[in-house]
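User: Please discuss the enclosed and open spaces of this structure, and set each value against the definition behind it.

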Amino acid sequence: MTSNTRQWNTFQAAIFAQVRQCSRNVVVVARAGTGKTTTIVHCLSELPAGKSVLMCAFNKKIANELTARVPAGVQVKTTHAIGFAAIRNAWKFVALDDKRNYNLIQNLIGDKWSDENKGNLAKLVSLAKGSLLGPESSEDEFCALMSEFDCGPSDEPKSPTTAKFLNAARDTLEDTLAKSNVISYDDMVYVPAKLGMKLPSFDVVFVDETQDLNKAQLALVKRSVKTGGMVVAVGDDRQAIYRWRGADSNAMPNMVKELNAVVLPLSVTYRCGKSIVSLAQTLVPDYVAGENNSEGTINRNVTSDAMMKSVKVGDFVLSRTNAPLVRFCLQTLRAGIPANIQGKDIGAGLLALVNKSRATDINGLLEWLTAYQERETAKLVKSNKAEKVDELNDRVEVIRALCDGTDTIDALIVRMKSLFSDDDDANKVVFSSVHRAKGLERDNVFVLENTFKPSASVEESNLAYVAWTRAKHTLSFVTIAK
(Lines give C-alpha, C1' and ligand atoms only; values in the text may rest on other atoms or scores of the structure.)
Protein backbone atom coordinates (compact mmCIF):
# COMPACT_ATOMS: atom_id res chain seq x y z
CA MET A 1 0.00 0.00 0.00
CA THR A 2 1.45 3.37 -0.94
CA SER A 3 1.65 6.31 1.44
CA ASN A 4 -1.04 8.09 -0.60
CA THR A 5 -3.69 5.44 0.17
CA ARG A 6 -2.57 4.39 3.63
CA GLN A 7 -4.93 5.05 6.52
CA TRP A 8 -3.08 7.21 9.02
CA ASN A 9 -4.26 7.51 12.61
CA THR A 10 -5.28 10.80 14.21
CA PHE A 11 -1.90 11.23 15.93
CA GLN A 12 -0.05 10.85 12.64
CA ALA A 13 -2.45 13.20 10.85
CA ALA A 14 -1.82 15.88 13.48
CA ILE A 15 1.94 15.51 13.06
CA PHE A 16 1.69 15.80 9.26
CA ALA A 17 -0.48 18.91 9.56
CA GLN A 18 2.02 20.60 11.88
CA VAL A 19 5.02 19.68 9.74
CA ARG A 20 3.20 20.88 6.62
CA GLN A 21 2.90 24.38 8.13
CA CYS A 22 6.67 24.53 8.70
CA SER A 23 6.06 27.32 11.21
CA ARG A 24 7.14 25.90 14.60
CA ASN A 25 9.62 23.44 15.99
CA VAL A 26 8.04 20.08 16.83
CA VAL A 27 8.78 17.42 19.44
CA VAL A 28 7.07 14.10 18.72
CA VAL A 29 6.73 11.75 21.70
CA ALA A 30 6.70 8.40 19.89
CA ARG A 31 5.96 5.36 22.05
CA ALA A 32 7.31 1.87 21.33
CA GLY A 33 6.17 0.26 18.08
CA THR A 34 4.05 3.22 16.96
CA GLY A 35 5.35 3.39 13.39
CA LYS A 36 7.83 6.15 14.20
CA THR A 37 10.13 5.64 11.22
CA THR A 38 7.25 5.28 8.75
CA THR A 39 5.72 8.47 10.14
CA ILE A 40 8.97 10.42 9.88
CA VAL A 41 9.57 9.29 6.30
CA HIS A 42 6.04 10.32 5.30
CA CYS A 43 6.58 13.74 6.91
CA LEU A 44 9.14 14.42 4.19
CA SER A 45 6.42 14.31 1.54
CA GLU A 46 4.37 16.82 3.55
CA LEU A 47 7.07 19.52 3.51
CA PRO A 48 6.74 22.52 1.19
CA ALA A 49 8.71 22.15 -2.04
CA GLY A 50 12.27 23.44 -2.15
CA LYS A 51 13.15 22.88 1.50
CA SER A 52 16.63 21.58 2.30
CA VAL A 53 16.32 18.67 4.74
CA LEU A 54 18.67 16.85 7.09
CA MET A 55 17.70 13.69 8.93
CA CYS A 56 19.89 12.84 11.93
CA ALA A 57 20.02 9.09 12.52
CA PHE A 58 21.08 7.51 15.81
CA ASN A 59 23.76 5.28 14.29
CA LYS A 60 25.28 4.30 10.96
CA LYS A 61 23.12 1.20 10.56
CA ILE A 62 19.92 3.23 10.92
CA ALA A 63 21.35 5.92 8.64
CA ASN A 64 21.90 3.35 5.88
CA GLU A 65 18.36 2.00 6.29
CA LEU A 66 16.83 5.49 6.17
CA THR A 67 18.88 6.51 3.12
CA ALA A 68 17.15 3.78 1.15
CA ARG A 69 13.70 5.09 2.18
CA VAL A 70 13.88 8.88 1.94
CA PRO A 71 13.30 10.99 -1.21
CA ALA A 72 16.25 12.12 -3.28
CA GLY A 73 17.87 15.25 -1.92
CA VAL A 74 17.28 14.49 1.75
CA GLN A 75 20.60 14.10 3.55
CA VAL A 76 20.77 11.36 6.17
CA LYS A 77 23.69 11.55 8.59
CA THR A 78 24.64 10.65 12.13
CA THR A 79 25.72 13.47 14.44
CA HIS A 80 29.20 11.95 14.36
CA ALA A 81 29.32 12.17 10.57
CA ILE A 82 28.15 15.80 10.74
CA GLY A 83 30.84 16.65 13.26
CA PHE A 84 33.61 14.75 11.48
CA ALA A 85 32.93 16.63 8.25
CA ALA A 86 33.10 19.94 10.13
CA ILE A 87 36.47 19.04 11.68
CA ARG A 88 37.90 17.97 8.34
CA ASN A 89 36.76 21.24 6.83
CA ALA A 90 38.40 23.25 9.62
CA TRP A 91 41.53 21.20 10.26
CA LYS A 92 41.94 19.75 6.75
CA PHE A 93 43.59 16.34 7.01
CA VAL A 94 42.16 14.45 9.99
CA ALA A 95 42.11 10.72 10.69
CA LEU A 96 40.20 8.72 13.28
CA ASP A 97 42.42 7.22 16.00
CA ASP A 98 40.71 5.31 18.81
CA LYS A 99 43.91 5.56 20.85
CA ARG A 100 43.97 9.36 20.88
CA ASN A 101 42.39 9.67 24.34
CA TYR A 102 44.83 7.12 25.74
CA ASN A 103 47.80 8.84 24.11
CA LEU A 104 46.83 12.28 25.42
CA ILE A 105 46.49 10.92 28.95
CA GLN A 106 49.69 8.90 28.68
CA ASN A 107 51.62 11.95 27.47
CA LEU A 108 50.23 13.97 30.35
CA ILE A 109 50.52 11.43 33.18
CA GLY A 110 53.19 9.01 32.04
CA ASP A 111 53.70 6.23 34.58
CA LYS A 112 52.92 8.34 37.66
CA TRP A 113 49.39 6.95 38.08
CA SER A 114 47.98 3.45 38.15
CA ASP A 115 46.12 1.96 35.18
CA GLU A 116 42.93 2.20 37.27
CA ASN A 117 43.29 5.94 37.74
CA LYS A 118 44.18 6.43 34.09
CA GLY A 119 41.04 4.50 33.19
CA ASN A 120 38.93 6.61 35.53
CA LEU A 121 40.41 9.78 34.03
CA ALA A 122 39.66 8.56 30.50
CA LYS A 123 36.05 7.83 31.51
CA LEU A 124 35.66 11.26 33.13
CA VAL A 125 37.08 13.02 30.06
CA SER A 126 34.74 11.12 27.73
CA LEU A 127 31.69 11.95 29.88
CA ALA A 128 32.82 15.57 30.09
CA LYS A 129 32.91 15.74 26.30
CA GLY A 130 29.36 14.44 26.04
CA SER A 131 28.27 17.00 28.65
CA LEU A 132 30.10 19.81 26.77
CA LEU A 133 32.42 20.57 29.69
CA GLY A 134 35.77 22.17 28.95
CA PRO A 135 38.91 23.48 30.62
CA GLU A 136 36.85 26.42 31.90
CA SER A 137 34.14 24.31 33.56
CA SER A 138 33.68 24.44 37.31
CA GLU A 139 34.87 21.92 39.86
CA ASP A 140 31.25 21.24 40.80
CA GLU A 141 30.42 20.19 37.22
CA PHE A 142 33.30 17.71 37.08
CA CYS A 143 32.62 16.40 40.58
CA ALA A 144 28.97 15.77 39.68
CA LEU A 145 30.10 13.48 36.85
CA MET A 146 32.66 11.73 39.04
CA SER A 147 30.03 11.05 41.66
CA GLU A 148 27.31 9.86 39.30
CA PHE A 149 29.52 7.68 37.12
CA ASP A 150 32.12 6.51 39.66
CA CYS A 151 35.08 7.85 37.70
CA GLY A 152 37.08 9.80 40.28
CA PRO A 153 40.51 9.00 41.75
CA SER A 154 40.71 5.65 43.53
CA ASP A 155 41.68 5.33 47.17
CA GLU A 156 44.75 3.20 46.49
CA PRO A 157 48.21 4.31 47.70
CA LYS A 158 49.79 7.13 45.69
CA SER A 159 46.43 7.96 44.15
CA PRO A 160 46.15 11.55 42.90
CA THR A 161 44.20 14.08 44.92
CA THR A 162 40.88 15.25 43.57
CA ALA A 163 42.45 18.60 42.65
CA LYS A 164 45.21 16.94 40.61
CA PHE A 165 42.67 14.62 39.00
CA LEU A 166 40.49 17.55 37.93
CA ASN A 167 43.48 19.48 36.62
CA ALA A 168 44.45 16.45 34.54
CA ALA A 169 40.92 16.26 33.13
CA ARG A 170 40.98 19.95 32.22
CA ASP A 171 44.44 19.64 30.64
CA THR A 172 43.31 16.62 28.60
CA LEU A 173 40.26 18.50 27.34
CA GLU A 174 42.45 21.47 26.45
CA ASP A 175 44.76 19.19 24.45
CA THR A 176 41.69 17.60 22.83
CA LEU A 177 40.57 20.98 21.51
CA ALA A 178 43.98 21.82 20.07
CA LYS A 179 44.27 21.37 16.32
CA SER A 180 45.42 17.86 15.47
CA ASN A 181 45.68 15.45 12.57
CA VAL A 182 43.93 12.71 14.57
CA ILE A 183 40.74 12.63 16.62
CA SER A 184 38.88 10.03 18.68
CA TYR A 185 35.31 8.87 18.18
CA ASP A 186 33.84 11.15 20.86
CA ASP A 187 35.91 14.07 19.51
CA MET A 188 33.86 13.86 16.31
CA VAL A 189 30.95 15.47 18.14
CA TYR A 190 32.67 17.28 21.00
CA VAL A 191 35.28 19.29 19.08
CA PRO A 192 32.94 20.96 16.55
CA ALA A 193 30.25 21.52 19.19
CA LYS A 194 32.67 23.06 21.69
CA LEU A 195 34.64 25.14 19.19
CA GLY A 196 31.56 26.25 17.25
CA MET A 197 32.91 24.98 13.94
CA LYS A 198 30.94 25.86 10.83
CA LEU A 199 28.24 23.34 9.92
CA PRO A 200 26.01 23.03 6.86
CA SER A 201 22.58 24.44 7.68
CA PHE A 202 19.16 23.20 6.57
CA ASP A 203 15.61 24.50 6.41
CA VAL A 204 14.34 21.43 8.25
CA VAL A 205 16.21 19.07 10.57
CA PHE A 206 14.68 15.80 11.75
CA VAL A 207 16.36 14.06 14.67
CA ASP A 208 15.56 10.49 15.70
CA GLU A 209 15.97 8.84 19.14
CA THR A 210 16.27 12.27 20.75
CA GLN A 211 16.12 10.80 24.25
CA ASP A 212 19.42 8.95 23.69
CA LEU A 213 21.55 11.91 22.60
CA ASN A 214 24.06 13.68 24.82
CA LYS A 215 24.41 17.45 25.13
CA ALA A 216 27.17 17.66 22.52
CA GLN A 217 25.06 15.80 19.96
CA LEU A 218 22.01 17.93 20.71
CA ALA A 219 24.13 21.06 20.26
CA LEU A 220 25.12 19.96 16.74
CA VAL A 221 21.49 19.22 15.89
CA LYS A 222 20.34 22.69 16.95
CA ARG A 223 23.21 24.40 15.10
CA SER A 224 22.36 22.54 11.87
CA VAL A 225 19.06 24.36 11.32
CA LYS A 226 18.89 27.71 9.57
CA THR A 227 17.57 30.78 11.34
CA GLY A 228 13.82 30.55 10.98
CA GLY A 229 14.04 26.87 10.07
CA MET A 230 12.29 23.96 11.78
CA VAL A 231 13.50 21.11 13.99
CA VAL A 232 11.38 17.96 14.28
CA ALA A 233 12.73 16.01 17.27
CA VAL A 234 11.35 12.50 17.66
CA GLY A 235 11.84 10.23 20.65
CA ASP A 236 10.34 8.47 23.63
CA ASP A 237 11.21 9.89 27.04
CA ARG A 238 10.15 6.55 28.58
CA GLN A 239 12.82 4.75 26.54
CA ALA A 240 15.57 6.92 28.04
CA ILE A 241 17.84 4.18 29.42
CA TYR A 242 21.32 5.36 28.44
CA ARG A 243 22.16 7.85 31.18
CA TRP A 244 24.91 5.45 32.30
CA ARG A 245 26.85 6.21 29.10
CA GLY A 246 26.27 9.96 29.15
CA ALA A 247 22.96 10.51 27.36
CA ASP A 248 21.11 13.62 28.51
CA SER A 249 18.25 12.22 30.59
CA ASN A 250 16.39 15.51 30.14
CA ALA A 251 16.93 15.68 26.39
CA MET A 252 13.24 15.61 25.46
CA PRO A 253 11.97 18.28 27.93
CA ASN A 254 15.04 20.42 27.26
CA MET A 255 14.37 20.37 23.52
CA VAL A 256 10.77 21.41 24.14
CA LYS A 257 11.90 24.32 26.29
CA GLU A 258 14.87 25.50 24.25
CA LEU A 259 13.08 25.25 20.90
CA ASN A 260 9.72 26.53 22.18
CA ALA A 261 8.37 23.46 20.44
CA VAL A 262 4.85 22.17 20.05
CA VAL A 263 4.58 18.68 21.56
CA LEU A 264 2.63 16.01 19.66
CA PRO A 265 2.05 12.40 20.74
CA LEU A 266 2.43 9.25 18.66
CA SER A 267 0.87 6.72 20.99
CA VAL A 268 -0.83 3.93 19.01
CA THR A 269 1.35 0.83 18.81
CA TYR A 270 0.89 -1.69 16.03
CA ARG A 271 3.52 -4.02 17.48
CA CYS A 272 2.26 -5.33 20.79
CA GLY A 273 -0.76 -7.47 21.63
CA LYS A 274 -3.52 -5.72 23.54
CA SER A 275 -2.83 -7.54 26.81
CA ILE A 276 0.83 -6.51 26.59
CA VAL A 277 -0.18 -2.90 25.99
CA SER A 278 -2.51 -3.01 29.00
CA LEU A 279 0.42 -4.12 31.13
CA ALA A 280 2.68 -1.39 29.72
CA GLN A 281 0.00 1.20 30.54
CA THR A 282 0.74 0.63 34.22
CA LEU A 283 4.05 2.34 33.51
CA VAL A 284 3.16 4.55 30.51
CA PRO A 285 -0.55 5.46 30.75
CA ASP A 286 -0.82 7.13 27.31
CA TYR A 287 0.21 3.94 25.47
CA VAL A 288 -2.57 2.71 23.13
CA ALA A 289 -3.05 -0.56 21.21
CA GLY A 290 -4.15 -0.51 17.57
CA GLU A 291 -7.70 -1.75 17.17
CA ASN A 292 -6.58 -4.60 14.90
CA ASN A 293 -3.76 -5.78 17.17
CA SER A 294 -3.97 -9.37 18.37
CA GLU A 295 -4.98 -9.98 21.97
CA GLY A 296 -1.52 -11.24 22.84
CA THR A 297 -0.56 -13.56 25.68
CA ILE A 298 1.16 -12.89 29.00
CA ASN A 299 2.57 -15.88 30.86
CA ARG A 300 3.36 -15.36 34.54
CA ASN A 301 5.58 -17.33 36.91
CA VAL A 302 7.31 -19.31 34.18
CA THR A 303 10.12 -21.40 35.63
CA SER A 304 13.54 -21.31 34.02
CA ASP A 305 13.20 -25.05 33.29
CA ALA A 306 9.93 -24.40 31.44
CA MET A 307 11.58 -21.60 29.47
CA MET A 308 14.46 -23.86 28.44
CA LYS A 309 12.01 -26.52 27.22
CA SER A 310 10.01 -24.07 25.06
CA VAL A 311 12.54 -21.48 23.84
CA LYS A 312 13.24 -21.67 20.10
CA VAL A 313 15.13 -19.85 17.39
CA GLY A 314 13.72 -16.40 16.80
CA ASP A 315 12.94 -15.80 20.48
CA PHE A 316 14.38 -13.15 22.78
CA VAL A 317 15.50 -13.78 26.35
CA LEU A 318 15.93 -10.42 28.07
CA SER A 319 17.55 -9.48 31.34
CA ARG A 320 18.39 -6.25 33.11
CA THR A 321 21.88 -7.64 33.81
CA ASN A 322 24.15 -9.86 31.73
CA ALA A 323 25.23 -12.53 34.24
CA PRO A 324 21.99 -14.60 34.19
CA LEU A 325 22.07 -14.76 30.39
CA VAL A 326 25.31 -16.72 30.23
CA ARG A 327 24.04 -19.86 31.96
CA PHE A 328 20.88 -20.05 29.86
CA CYS A 329 22.69 -19.32 26.61
CA LEU A 330 25.18 -22.11 27.31
CA GLN A 331 22.32 -24.50 28.13
CA THR A 332 20.63 -23.58 24.87
CA LEU A 333 23.79 -24.25 22.87
CA ARG A 334 24.28 -27.59 24.64
CA ALA A 335 20.74 -28.52 23.56
CA GLY A 336 21.79 -27.98 19.96
CA ILE A 337 19.84 -24.74 19.49
CA PRO A 338 21.77 -21.83 17.88
CA ALA A 339 22.13 -18.89 20.30
CA ASN A 340 24.22 -15.83 21.08
CA ILE A 341 24.51 -13.03 23.61
CA GLN A 342 24.22 -9.48 22.29
CA GLY A 343 27.26 -7.28 22.86
CA LYS A 344 30.66 -7.86 21.27
CA ASP A 345 32.12 -5.07 23.39
CA ILE A 346 30.84 -6.78 26.55
CA GLY A 347 32.99 -9.78 25.71
CA ALA A 348 35.96 -7.49 25.08
CA GLY A 349 35.51 -5.83 28.48
CA LEU A 350 35.33 -9.19 30.25
CA LEU A 351 38.42 -10.37 28.42
CA ALA A 352 40.27 -7.27 29.62
CA LEU A 353 39.35 -8.14 33.22
CA VAL A 354 40.60 -11.72 32.76
CA ASN A 355 43.87 -10.39 31.36
CA LYS A 356 44.16 -8.00 34.31
CA SER A 357 44.08 -10.96 36.68
CA ARG A 358 47.21 -12.46 35.08
CA ALA A 359 45.86 -15.83 36.16
CA THR A 360 47.36 -18.91 34.52
CA ASP A 361 44.53 -21.33 35.33
CA ILE A 362 40.78 -21.25 36.08
CA ASN A 363 41.16 -21.81 39.83
CA GLY A 364 43.63 -18.95 40.04
CA LEU A 365 41.24 -16.71 38.12
CA LEU A 366 38.32 -17.59 40.40
CA GLU A 367 40.42 -16.85 43.49
CA TRP A 368 41.51 -13.53 42.01
CA LEU A 369 37.91 -12.64 41.14
CA THR A 370 36.82 -13.20 44.74
CA ALA A 371 39.56 -10.95 46.08
CA TYR A 372 38.92 -8.36 43.35
CA GLN A 373 35.18 -8.33 44.08
CA GLU A 374 35.71 -7.87 47.81
CA ARG A 375 38.34 -5.15 47.31
CA GLU A 376 36.34 -3.16 44.75
CA THR A 377 33.10 -3.49 46.73
CA ALA A 378 34.83 -2.06 49.81
CA LYS A 379 36.11 0.87 47.74
CA LEU A 380 32.67 1.63 46.36
CA VAL A 381 31.00 1.48 49.77
CA LYS A 382 33.70 3.64 51.33
CA SER A 383 33.20 6.20 48.55
CA ASN A 384 29.40 6.22 49.09
CA LYS A 385 28.89 4.55 45.71
CA ALA A 386 27.09 1.42 46.88
CA GLU A 387 24.71 1.72 43.89
CA LYS A 388 27.64 0.70 41.65
CA VAL A 389 28.11 -2.62 43.43
CA ASP A 390 25.45 -4.32 41.27
CA GLU A 391 27.42 -3.46 38.11
CA LEU A 392 30.62 -4.82 39.64
CA ASN A 393 28.89 -8.03 40.73
CA ASP A 394 27.37 -8.49 37.28
CA ARG A 395 30.78 -8.38 35.57
CA VAL A 396 32.29 -10.82 38.04
CA GLU A 397 29.33 -13.22 37.91
CA VAL A 398 29.41 -13.29 34.10
CA ILE A 399 33.04 -14.45 34.17
CA ARG A 400 32.29 -17.03 36.87
CA ALA A 401 29.43 -18.39 34.75
CA LEU A 402 31.69 -18.56 31.71
CA CYS A 403 34.29 -20.48 33.72
CA ASP A 404 31.81 -23.29 34.35
CA GLY A 405 32.82 -26.23 32.20
CA THR A 406 36.10 -24.74 30.98
CA ASP A 407 39.48 -26.28 31.86
CA THR A 408 41.93 -23.57 30.83
CA ILE A 409 42.21 -19.82 30.43
CA ASP A 410 42.62 -20.32 26.67
CA ALA A 411 39.35 -22.25 26.52
CA LEU A 412 37.65 -19.48 28.50
CA ILE A 413 38.91 -16.85 26.06
CA VAL A 414 37.66 -18.88 23.07
CA ARG A 415 34.25 -19.14 24.74
CA MET A 416 34.12 -15.39 25.38
CA LYS A 417 34.98 -14.53 21.80
CA SER A 418 32.43 -16.94 20.32
CA LEU A 419 29.53 -16.25 22.65
CA PHE A 420 29.21 -12.47 22.38
CA SER A 421 28.24 -10.79 19.10
CA ASP A 422 26.30 -7.83 17.76
CA ASP A 423 24.19 -9.89 15.36
CA ASP A 424 20.41 -9.55 15.56
CA ASP A 425 19.94 -13.05 14.16
CA ALA A 426 16.38 -14.35 13.68
CA ASN A 427 17.84 -17.83 13.20
CA LYS A 428 19.12 -17.94 16.77
CA VAL A 429 17.82 -17.52 20.27
CA VAL A 430 19.09 -14.06 21.14
CA PHE A 431 19.99 -13.51 24.78
CA SER A 432 20.28 -9.81 25.51
CA SER A 433 20.29 -7.08 28.08
CA VAL A 434 17.39 -4.68 27.62
CA HIS A 435 19.80 -1.97 26.46
CA ARG A 436 20.97 -4.14 23.57
CA ALA A 437 17.43 -5.12 22.54
CA LYS A 438 16.11 -1.57 22.30
CA GLY A 439 14.63 -0.91 18.85
CA LEU A 440 14.16 -4.62 18.16
CA GLU A 441 11.10 -6.89 18.41
CA ARG A 442 10.18 -10.57 18.45
CA ASP A 443 6.97 -12.62 18.43
CA ASN A 444 8.00 -14.32 21.68
CA VAL A 445 9.94 -12.64 24.47
CA PHE A 446 11.05 -14.16 27.76
CA VAL A 447 11.87 -11.63 30.49
CA LEU A 448 13.98 -12.71 33.46
CA GLU A 449 11.68 -10.96 35.90
CA ASN A 450 13.70 -10.95 39.09
CA THR A 451 16.62 -9.15 37.44
CA PHE A 452 14.47 -6.01 37.21
CA LYS A 453 13.77 -3.22 39.71
CA PRO A 454 10.81 -1.44 38.06
CA SER A 455 9.90 0.63 41.11
CA ALA A 456 13.42 1.76 42.03
CA SER A 457 13.63 4.84 39.75
CA VAL A 458 12.30 6.30 36.52
CA GLU A 459 15.13 4.74 34.50
CA GLU A 460 14.51 1.33 36.07
CA SER A 461 10.82 1.69 35.20
CA ASN A 462 11.85 2.65 31.67
CA LEU A 463 13.91 -0.56 31.40
CA ALA A 464 10.85 -2.65 32.25
CA TYR A 465 8.74 -0.76 29.69
CA VAL A 466 11.35 -1.29 26.96
CA ALA A 467 11.63 -5.00 27.80
CA TRP A 468 7.89 -5.65 27.79
CA THR A 469 7.32 -3.81 24.52
CA ARG A 470 9.78 -5.95 22.55
CA ALA A 471 7.06 -8.65 22.51
CA LYS A 472 4.57 -8.76 19.63
CA HIS A 473 2.46 -11.77 20.65
CA THR A 474 3.74 -13.57 23.74
CA LEU A 475 5.44 -12.08 26.79
CA SER A 476 6.62 -14.57 29.41
CA PHE A 477 7.92 -13.58 32.85
CA VAL A 478 10.54 -16.05 34.02
CA THR A 479 11.39 -16.54 37.68
CA ILE A 480 14.97 -17.64 38.23
CA ALA A 481 15.30 -20.04 41.14
CA LYS A 482 17.76 -18.75 43.72
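User: Which residues line the largest cavity, and what makes them lining residues?

Analyst: In this predicted model, the largest cavity is lined by I15, V28, K36, T39, I40, C43, V232, V234 and L266. They count as lining because lining residues have an atom within 4 Å of a point of the cavity.

User: Which elements give two or more residues to that lining?

Analyst: These elements are α2 (36–46) and β7 (225–235). With four residues, α2 gives the most.

User: How many residues of each class does the lining of the largest cavity have?

Analyst: The lining has seven nonpolar residues, one polar and one charged. K36 is in this lining, and Lys counts as charged.

User: How many cavities of 30 Å³ or more does the structure hold, and what is the volume of the largest cavity?

Analyst: The structure holds one cavity of 30 Å³ or more. The largest cavity has a volume of about 40 Å³.

User: Why is the second largest pocket called a pocket and not a cavity?

Analyst: A pocket is an open set of points, whereas a probe in a cavity cannot get out, so the two terms exclude each other. The volume of the second largest pocket is about 420 Å³. Among its 15 lining residues, T321, P324, N450, T451 and I480 are the closest to its centre.

User: Which elements supply at least two residues of this pocket's lining, and how does the lining divide by class?

Analyst: α14 (323–334) and α17 (389–403) each supply at least two residues; the largest share, four residues, comes from α17. By class, the lining of the second largest pocket divides into four nonpolar, four polar and seven charged residues.

How values were computed. Residues numbered from 1 in each chain as written. Predicted model: local features only at pLDDT ≥ 70, side-chain atom pairs only at ≥ 80, totals over all residues. Heavy atoms only, no water. 1 Å grid on protein atoms, 1.4 Å probe; cavity = no way out; pocket = protein on both sides within 12 Å on 5 of 7 lines; lining within 4 Å. Points joined across faces, edges and corners; volume = space filled by probe spheres on them.
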